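This report describes side-chain contacts, in the order of aromatic pairs, charges over rings, salt bridges and a surface patch.

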Amino acid sequence: MSENKDPHVAESAVEGAGEGVKFVYDFTEGNKDLKDLLGGKGANLAEMTNLGLPVPPGFTISTEACKTYLDSGEEPAALRDEVSAHLDALEQWMGKTLGQADNPLLVSVRSGAKFSMPGMMDTVLNIGLSDRSVQGLAKQAGDDRFAWDSYRRLIQMFGKTVLGVDGDLFEDALEAAKDAKKVAVDTDLEAADLKKLVTKFKKIVKTEAGRDFPQDPREQMDLAIHAVFDSWNTDRAKLYRRQERIPHDLGTAVNVCSMVFGNLGPDSGTGVAFTRDPASGHQGVYGDYLQNAQGEDVVAGIRNTVPLAELETIDKKSYDQLMQIMGTLENHYKDLCDIEFTIERGQLWMLQTRVGKRTAGAAFRIATQLVDQGLIDEAEALQRVTGAQLAQLMFPRFDDTAGGKVTQIGRGIAASPGAAVGKAVFDSYTAIKWSRSGEKVILIRRETNPDDLDGMIAAEGILTSRGGKTSHAAVVARGMGKTCVCGAEDLEVDTKRRRLTVNGTVVEEGDVVSIDGSTGKVYVGEVPVVPSPVVEYFEGRMHAGADDADELVAAVHRIMAYADRVRRLRVRANADNAEDALRARRFGAQGIGLCRTEHMFLGDRRELVERLILADTDAEREESLKELLPLQKQDFIELFEAMDGLPVTVRLLDPPLHEFLPDITELSVRVALAESRKDANENDLRLLQAVHRLHEQNPMLGLRGVRLGLVIPGLFTMQVRAIAEAAAERKNAKADPRAEIMIPLVGTVQELEIVREEADQVIAEVQAATGTDLKLAIGTMIELPRAALTAGQIAEAAEFFSFGTNDLTQTVWGFSRDDVEASFFTAYLEKGIFGVSPFETIDRDGVGKLVRDASVAGRATRPDLKLGVCGEHGGDPESVHFFHEVGLDYVSCSPFRIPVARLEAGRAASSAAGSDHR
């Protein structure tokens, strides 16, 4: 079989293979830092080869070759000769040729992009087998069964992956062969059975693909290489990249590796190992092993594996060697490593390693563990976690102490933590359909495969009856932060009848189930949830240093403390009342970046606003404003008290006034019914007239913001007076109010100058009346393109800018958010026009450019101009990095997102290089 002789390709073999760009690299030629060129798998195979680990020899075709192929539809002109040169050299070192009849060299062709995309792209094993070479393999191995098993696997993989044959046809034929033999697993099929299966598989290929299965080994390899290139652009691969925000232009490398076999008998096998538990982060022996199998069997979860620890009793020599290699790799990569290996008749071979995907909790625990071990410093630990992971840790979890109408029906492997509740569905189509209707669903399968990705994304959680921690479902769910329970063997999943059965209990499609990805428990019914310990920590109800402190909380505390020390960006909250402000302060807010005063005019006060709108005379209007003033003042007193010593930016009234009036249709019906009863209400009639008068075709661009202050006398000055009087009262109480007044929707400096002049006059009157010295900064929201383009002028009258990126995104793109998100955003995302919605993550090239340019222009006019952002982007991890780069002073977001913004602000400021896991 394959030996790890010196796999170095002779230089003369590749010399002159092609001029200019080099497309093919031997495993000895690369290293782990060449992921852009060699993909993650190729770069890490090269790194392990350089470390002297037992890696089967082979070579990598670069991502540049893939990109050329995808752009032009043809492989680069020099590629075939380069591949031939490397294949010749490989054959020389192995002492046999590809598909040689009496002693065949067999190879695998595997994808390997820069970022791990588990199961999303294609792999073909056993290339080189044919009707002739299968006999030679049987003789070489001394095992007919193994040879025919390997051949049927090749035809099955090649047929599905390369020739586009429906994979279920092969699976059905395999099941029929097992039924005929009356056996449960494929390892019980004998050589004669497998030989018949090969004949059946070849007929399926001929019928479905319209051609014979290729007998030329080089044709097999070339077609497989093209299939791997093509798999970069499959729907499932594109969907996964959108989900994980991986760029679409990277391409994939192709790794051609000499085959080693785990399906040679009980002294052979294949497995996946983790140097730490990817679910919890705890150190120990974690992974799955499957005797007499090839690697795809483990990842697919088709046969249930045994825990890796059992390998010690099966093959102690290989186990001890694997433990040593795992230690070497973790210390070398200084991170959790995910390893694929094969044992061929007692000989251990390393097929892949990468920095492993992990759950959010594991990410925080592992980062701090590695600091304690001296492998990384705190700056690198900060780069090993993300705001998205922190957000996951803040979700609720199941209440273990709760009773109620729930029954535990099973337990599987805790593959990806979290608490998920939803209606049981048994296929991806239903998961997507029900999810789009607003239903929460749990996707239940025997095992998942890459075609289930859409359903996995739509579901709250995933439950499978087969597979382990390294199955497709587990790996993908961990990467997406989805709750997942795998390998719940007691559950009999019947996808055709859409039900699962366990110990007499039947769960039909639509029944509510709950799954606990932290314990593996599965329940019928809805399990109550409780706050996460991380939220309890941020709320101040749990202390990281306490004796009974949760170890996860301690890890979060350490990393958050470091992020706070190194970040430059301050983090404020969007909060409109004292309760939200106090919570934001507990979560680490350094002030309020946006107080929306319109939220103070709802409820019982709506009647006062109606009277203001309906006022026919100045006296009536002033009376309404006079009644609103003390209410507004008390609001601000409470807010300034909650945020004492910290800045509070109060935005003056922004929305169109019709939003405070009844719905036009509802009011019209009410008036019509009253008139039909001859019971007309004078106030309703006046309201209806006002609604018609104020009705606008496009209110987002109508009478709102600064325009209200200019058109309705006294409205803004009432609000400014309330702010100033509240600040004066707090100051006279020996407090430290730091109010800032923000004028919304300014498009030209003249608007701001007029409002500012009136505001300054009111503030001066309050100072004189109260004997206080009020330092109230006055600034504006930059939320219109014209404001951004004339920021230098506007800065003459503004002491601060706060970028309102929600409206700025709407006006730059010409989108009405409420309309477009429901109508065509899904299509734009599917077509790749957006990688992510511009309302979620800042559009750097459009909206971002306006923010950058306005910041530069504003500070050119006023060097001490304070800059912030108060749109939803203020809590988005990727956007926070952009705002740091642009030089903003703060971001502002909802209270719940404050810890995420703090963490990402620290990551943005840290100069440490990031880990290569996503």
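A residue is called buried under 20% relative accessible area, exposed over 50% and partly exposed in between, with a 1.4 Å probe and protein chains only. The model is predicted, and local features need pLDDT of at least 70, side-chain atom pairs count only at pLDDT 80 or more, and totals for chains, interfaces and linings use all residues. Residues are numbered from 1 along each chain as its sequence is written, and side-chain values use heavy atoms, with hydrogens and water left out.

**Aromatic pairs**

Rings of Phe, Tyr and Trp (its six-membered ring) are paired if their centres lie within 6.5 Å; planes under 30 degrees apart are stacked, those over 60 edge-to-face, and the rest tilted. The count under this rule is 19 aromatic pairs. One of them joins Phe158 and Phe213, whose ring centres are 5.4 Å apart with planes at 80°, so this pair is edge-to-face. Phe158 belongs to helix H6 (residues 144–161), whereas Phe213 is in the loop between helix H8 (191–209) and helix H9 (217–231); the pair thus links distant parts of the chain, 55 residues apart. Helices (H or I, at least four residues) and strands (E, at least two) are DSSP runs numbered from the N terminus. Phe158 and Phe213 are both buried.

The pair of Phe824 and Tyr828 is tilted, because its ring centres are 4.8 Å apart and its planes are at 50°. Phe824 is partly exposed at 26% relative accessibility, and Tyr828 is partly exposed at 27%. Both residues are part of one aromatic cluster formed by Trp813, Phe815, Phe824, Tyr828 and Phe834.

**Charges over rings**

A charge is said to sit over a ring if NZ of Lys or CZ of Arg is within 6 Å of the ring centre and within 35 degrees of the ring normal. Arg241 lies over the face of Trp232, 3.8 Å from the ring centre. Over the ring of Tyr890 sits the charged end of Arg572, at 3.8 Å from its centre.

**Salt bridges**

Side chains of opposite charge can pair when their charged atoms come close. Here a salt bridge requires a side-chain nitrogen of Lys or Arg within 4 Å of a carboxyl oxygen of Asp or Glu. The whole structure holds 61 salt bridges, including those in the table.

| Salt bridge | N to O distance | Relative accessible area |
|---|---|---|
| Arg211 and Glu219 | 3.2 Å | Arg211 27%, Glu219 30% |
| Arg596 and Asp576 | 3.2 Å | Arg596 22%, Asp576 11% |
| Asp654 and Arg651 | 3.8 Å | Asp654 5%, Arg651 7% |

Arg211 is partly exposed, as is Glu219. In the second bridge, Arg596 is partly exposed and Asp576 is buried. Arg596 lies in strand S25 (residues 592–596) and Asp576 in the loop between strand S24 (570–574) and helix H22 (578–586), so their bridge ties together parts that are 20 residues apart in sequence. In the third bridge, Asp654 is buried, and Arg651 is buried as well. Elsewhere, Arg145, Asp149, Arg152, Arg153 and Asp186 are joined into one network by salt bridges that share partners.

**Surface patch**

Patches consist of residues with over 30% relative accessible area and no salt bridge, where like charges are joined within 9 Å and nonpolar side chains (Val, Leu, Ile, Met, Phe, Trp, Tyr) within 5 Å. Accessible areas follow the Shrake-Rupley method with a 1.4 Å probe; for residues, only the protein chains shown count as cover. A nonpolar surface patch is formed by Leu710, Val711 and Ile754, with about 240 Å² of accessible area together. Leu710 lies in helix H27 (residues 706–711) and is partly exposed at 36% relative accessibility.
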